[in-house]
Amino acid sequence: MPELPEVEVVRAGLAPAVTGATILGVEVFEHRSLRRHDPLAGDFEALLDGRVMQGPVRRGKFLWIPLEGAPRRAIVAHLGMSGQILLREPGTAEAGLLRIRLHIAHPVQGELWVHFVDQRIFGSMAVDALVPALDGAPGGLGTDEPLVPTQVSHIARDPLDPAFDAGGFAAALARKNTDIKRALLDQRLISGIGNIYADEALWAARIHYAQPANSLSRAKVRTLLAEVRHVLEKALAEGGTSFDAQYVNVNGASGYFAHSLNAYGRQGEACPRCGTPIVREQFMNRGSHFCPHCQRLRR
Ligand SMILES: [Zn+2]
């Protein structure tokens, strides 16, 4: 499942090809891939035809491409479980399950196809209105404009965003009598952290996944945030893991910079810090991986 580092790889890869490019045409091969598009806002294809794209923007694992002109709108791409956005030379046969194709013309790169490929149709594309960001800061990485799509307006900033409010996050945790891992996965509090990076950051910060959020000291919250940033930056530095053809078939840890993982998917293996076997427990319909020695539940 694509998480922040994987989506950032897509954003950075798209930027040189789509920024300033004109949309010449749109082909939708799978209408279920438009289920997050509100038809009352207008027809997907008609809203895009002839429009010029700005640089792609990311907040957490949400990706959007603002369109020039009024009213302000953006293409919002949800990658879901297996979505990919691929740049192709016109005429290239697509090996994956092609759902949407944009024909674009870039002033320097020339004509290109942008393919939205999605094995299982959990991902989608939509054209959405851009609305002011509540805190007035740039909407996400890749833009200076304080605008976000309405579909992203309830999503908190991610911890790599310069405008992320660390004090506000700590204050929100202090009010929450909920498991810290649940809070880390709550996109309204902090975005961009999925199961893998939550387990890794909690292991690094030596915090049990079920530790009540409001029992953590301010210092411990600072440590945790630092570890969250560290694990996300490490994954980014390693290329956001493999965003290639086999990526869509990846389940869980394989392909997710697996050689760098300390806890996630390591159940039964020795904790790299103390040697105690890592344990996996069921949590929120998924697994939580932790070291029972380093990450004790403190009540
Ligand atoms: Zn340990």
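# A tour from a buried salt bridge to the zinc site

Both R157 and D161 are buried. Select them to begin, and keep in mind that this is a predicted model. With their side chains shown, you will see R157 and D161 meeting in a salt bridge, 2.8 Å from N to O.

**More charged pairs**

Next, select K181 and D199. Their side chains also form a salt bridge, with an N to O distance of 2.7 Å. K181 belongs to helix α4 (residues 180–184) and D199 to helix α5 (residues 195–205), so this pair ties together parts that are 18 residues apart in sequence. Both K181 and D199 are buried.

Now move to helix α1 (residues 4–18) and pick out E8 and R11. A salt bridge joins these two side chains at 2.9 Å, N to O. E8 and R11 are three residues apart in the helix, which means that about one helical turn separates them. E8 and R11 are both buried. Add R58 and D158 to your selection: together with E8 and R11 they are linked in a network of salt bridges. How many salt bridges does the count come to? The count is twelve. As a general point, side chains of opposite charge can pair when their charged atoms come close.

**The sheet beside α1**

Stay with α1 and bring the neighbouring strands into view. Helix α1 lies across β2 and β3 (62–66), and runs at about 15° to β3. Those strands are part of an open sheet of five, in the order β2-β3-β4-β8-β9, with antiparallel pairing. Which strands stand at the edges? They are β2 (57–59) and β9 (147–149); each has a single partner strand, so one side of each is left without a neighbour in the sheet. Look along the sheet and you can follow its twist, which averages 35° from one strand to the next.

For a closer look at one edge, select β8 (residues 124–132) and β9. The two pair in the antiparallel sense over three bridges. P132 has L147 of β9 as its bridge partner.

**Some backbone details**

Go next to the loop between β3 and β4 (73–78), where you will find P71. The peptide bond from A70 to P71 is cis, and its omega is near -10°.

Then select R206, in the loop between α5 and α6. R206 is not a glycine, yet its phi is positive, at about 60°. This residue is partly exposed, with a relative accessible area of 42%.

M284 is another place to stop, in the loop between β10 and β11. Here too a residue that is not a glycine has a positive phi, of about 50°. M284 counts as partly exposed, at 30% relative accessibility.

**Last stop: the zinc ion**

Finally, select the zinc ion together with C271, C274, C291 and C294. The SG atoms of these four cysteines are its protein donors, lying 2.2 to 2.4 Å from the ion. Why is the arrangement tetrahedral? The four donor atoms subtend angles of 99 to 117° around the zinc ion, and that makes it so. Along the sequence, the donor residues follow the spacing C-x2-C-x16-C-x2-C. C271 lies in the loop between α6 (218–237) and β10 (279–283), while C294 lies in the segment after β11 (286–290), so the pair ties together parts that are 23 residues apart in sequence. Are C271 and C294 buried or exposed? Both are buried.

Key. Residues are numbered from 1 along each chain as its sequence is written. This is a predicted model: local features need pLDDT of at least 70, side-chain atom pairs count only at pLDDT 80 or more; totals for chains, interfaces and linings use all residues. Side-chain values use heavy atoms; hydrogens and water are left out. Donors are N, O and S atoms within 2.8 Å of the metal (3.2 Å for Na, K and Ca); water is not among the atoms, so sites may look incomplete. Four donors count as tetrahedral if all angles lie between 85 and 135 degrees; four count as square planar and six as octahedral if opposite donors are over 155 degrees apart and all others between 65 and 115; anything else is irregular. Helices (H or I, at least four residues) and strands (E, at least two) are DSSP runs, numbered from the N terminus. Buried means under 20% relative accessible area, exposed over 50%, partly exposed in between (1.4 Å probe, protein chains only). A salt bridge is a side-chain nitrogen of Lys or Arg within 4 Å of a carboxyl oxygen of Asp or Glu. Two strands pair if DSSP finds at least two bridges between them. Axes are lines fitted to C-alpha atoms, for helices over the stretch in contact, and angles run from 0 to 180 degrees between N-to-C directions. Contact means heavy atoms within 4.5 Å.
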